[in-house]
Amino acid sequence: MADRLQRPGSVAPALAGLSLPQLQAAEALAALGSVPRAALAGLLDATGAERARGLDAALESLADRALVWPDDKGLLRMAAPLRQAWERPLGLDAPLALLLSDTTSEELRRMLVALGVPSPGTGKKQRLTALLTHHGDPERVAAVVSSAPAATRKLLQQRAGHQSEVPWSTEEFVILGGPGADSGAGVRWALERGLLVQSRYGYGPTRMPAEVALTLRGAGWHAPFQPAPPLVRTVAVTSAEVEREAAASATTFAAHAAQVLAVCSTSPPALLKSGGVGARELSRVGKAARCDDIVVRLVLETAYAAGLLARDGDRVAATADYDVWAEQEPAKQLATLLTAWWRLPLTPAQARDADGKALPVLAGAPPCRGCVQAREGLLTGAARLPTGQGAKNPAGLGVLVGWHRPFADELPQDTAPFATVSHEAEVLGVIARGALSSIGAALRHDDADAEAPAAACARLLPAATEGARFGADLTAIVTGTPTARLAALLDTVADREAGGTASVWRFGPGTVRRALDAGRTADAIEADLAAVAVGALPQPLSYLIHDTARSHGRMRVTSAACVIHGEEPTLLTELAAHRKLTTLGLRLLAPTVLVSRTPLEETIAALRAAGYAPVAEGADGTVRVDQARRRRAVAPVPPPRKTGGTPRRRSAGVPVARTPATVDLGALAIRLKGAPATPPEPDPGNGVPFGTDTEEIVAGHARLLSLTDVRQLAHAIDEGRAVTIEYVAASGSRTVRTLSELDLDPPHLYAWCHLRDDERVFTLSRIHGVIPA
């Protein structure tokens, strides 16, 4: 039913908190209009004692919200905006009084005459009242329909049972006040008697009043009404059992949350290019924190909503608020995340979309009001279970969500009704043993008492543990949630192997060496561990720390760009103390060995500039001889096509001469002006001269092209026109490309390729054919 609701802004908040029977009663009243309670009860089949009590409870709840109330005449009235929430409540159109509001008195008179009802007067109000009285009597309407032609009866029965949002066809439109020639059979007969109503001016579809449709559906038809929630199989459970299991789940989640956020603070998860934290990063964080995917998703989404995480470029990093949160007690940490979960406009554990594709975390999905409704419906359903009873299967609570919150959204990945949100509630300790825990009850009253969740968590969760038990097997065990200081200390000296209600760390030579590498000393490590130990440190752990420290630092590694060595210690000492060589970063490692932070070539140049005469040494220890390098082009420009055996002929009267270093531009201009006009040099292959220099250059490199193709390509280059070429790539694949914006740079041709929609570089020798574009 809820899927037929529109959600105007003024009505949606009020409707969101309604249960299924309340919405069903409101929809039925929206269909009937202002009617006595008995008429509403008859439509909903709420005449029996139990169903009548359910209807009274629904009407009382609607009255408390000022949505429905009885007037002084005993009629049930509805808030005007609430009626607009349904476009066609129960699949019915508007009541007859509303449909006939713009009908003239004369039109009402004709309807009464057709029905055989005497007109009570000449006024519109009197005639409308008479027509409403007639159509309000189901027996009279049934008698009129039974006397209708067969085509009309068939049409009316179809329309009465039709419940789509557009219950008419184009054949039922009436043009200029009367049915057209192509109107459906029987429409005119029904219009004349008010069984169907048309706009006064004949435009728009015909509409069936709600009173007529209800009569045609029959006395046995009732609107859906479910006053009692679905049955859930329950078992006996004490409050102590519920609280004990809720405390265990909440403690485990709080410990995992601290681990997940600690991982994110040291190595922030990377964001996908499309947004959000992908499956690979979720797996990495979960593996480092040793917790499941659902826990990682819950922690990241709730921590982000609580301001503990924020986007930082292409990563999600911890904020300054996280540093404060990390120092708090586990109960307060959990309360922060629980409050964020309760108000979160999405379901964090949703891992798949409707198509089965993986969903990233923190992807910026649009707010989902139905997800909030699902959480509210789950906790409300659990709270309404009988005292001392819990659902036999916690997933069975999902069937109650749709009854308490009809607008709740069920996820595509749910194998049972609202299985995902139910699982989230169990992980957080909100639901335990199929019943609502004190944490869940506090969340439901969060708006009334903002401190209620924190107080409930403080009652259930123990304080953070400040001490650890160290074993002779080189392990440390912390029951409960360790303090931030204790966890940081143990993470520095040992590897965490397990977490949850109890955390385990294991020591080894590598872990102790890690602490020594961070600048700690063996005595400091032992003293810090002894300060948090419950009892004395075991002897094997002390031996491990000191044995590892004895071998630590026996060799040292330094960075050096090059090494200077010689047989005269005095000379190397002088270099190390030379003021002009301080920029080299020289350091004396041995009497005859210096290291420099500056690369070899720069070090040698600086030494020579200071008046010394160093030589370079190769990797094999031999002296490297430096020779002057001659600069050469990386790839010489290919020469023009080779001559065909006969020397290139030059035109008579044009001597071959080198351009002098100094050119007299005036003399050169006179000389060129007086020179005879000569044709270009002929192509050495066939004697045909080139028309332009571009043709000669192209012909010199594109040797597979005919003269016609050469001229076509050269013309396109000179004139800036597009051209189509047949090109063979280096891989041997042959393609046809259309090119524009040609730029010749022998032996290459730069052009915009229309096939790739990008600029490309083509080798002239690989062009096999040219045609106009």
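A residue counts as buried when its relative accessible area is under 20%. By that rule, 41% of the 773 residues of the protein chain are buried in this predicted model. The chain holds 31 helices and 25 strands. Looking at contacts with a separation of 6 or more, 60% link residues 24 or more positions apart.

**A visit to helix 9**

Let's start with helix 9, which spans residues 138-146. At its N-terminal end, D137 acts as a cap, with a side-chain oxygen 3.1 Å from the backbone nitrogen of E139. Which residues of helix 9 are buried? They are V141, V144 and V145. Seen down the axis, these buried residues fall within an arc of 100 degrees, so they line one face of helix 9. The face turned away from that buried side carries E139 and S146, which are exposed.

Several helices help to cover the buried residues of helix 9, including those listed here.

| Covering helix | Residues |
|---|---|
| helix 7 | 105-115 |
| helix 8 | 124-135 |
| helix 10 | 150-161 |
| helix 11 | 187-192 |
| helix 12 | 210-217 |

**Where helix 7 meets helix 8**

Two of these covering helices, helix 7 and helix 8, also touch each other. Their axes come within 9 Å and cross at roughly 35 degrees, and the crossing is left-handed. Helix 7 brings S105, E106, L108, R109, M111, L112 and L115 to the contact, while helix 8 brings K124, R127, L128, A130, L131, H134 and H135. By class, the contact has seven nonpolar, three polar and four charged residues.

How values were computed. Residues are numbered from 1 along each chain as its sequence is written. This is a predicted model: local features need pLDDT of at least 70, side-chain atom pairs count only at pLDDT 80 or more; totals for chains, interfaces and linings use all residues. Side-chain values use heavy atoms; hydrogens and water are left out. Buried means under 20% relative accessible area, exposed over 50%, partly exposed in between (1.4 Å probe, protein chains only). Helices (H or I, at least four residues) and strands (E, at least two) are DSSP runs, numbered from the N terminus. The arc is that of the directions from the helix axis to the C-beta atoms. Contact means heavy atoms within 4.5 Å. A polar contact is a pair of N or O atoms within 3.5 Å; within protein, one must be able to donate a hydrogen and the other to accept it, and residues adjacent in sequence count only if both atoms are side-chain atoms. Axes are lines fitted to C-alpha atoms, for helices over the stretch in contact, and angles run from 0 to 180 degrees between N-to-C directions. A crossing is left-handed if the near helix is turned anticlockwise from the far one by less than a right angle, and right-handed if clockwise. Ala, Val, Leu, Ile, Met, Phe, Trp, Tyr, Cys and Pro count as nonpolar, Asp, Glu, Lys and Arg as charged, and the others, Gly among them, as polar.
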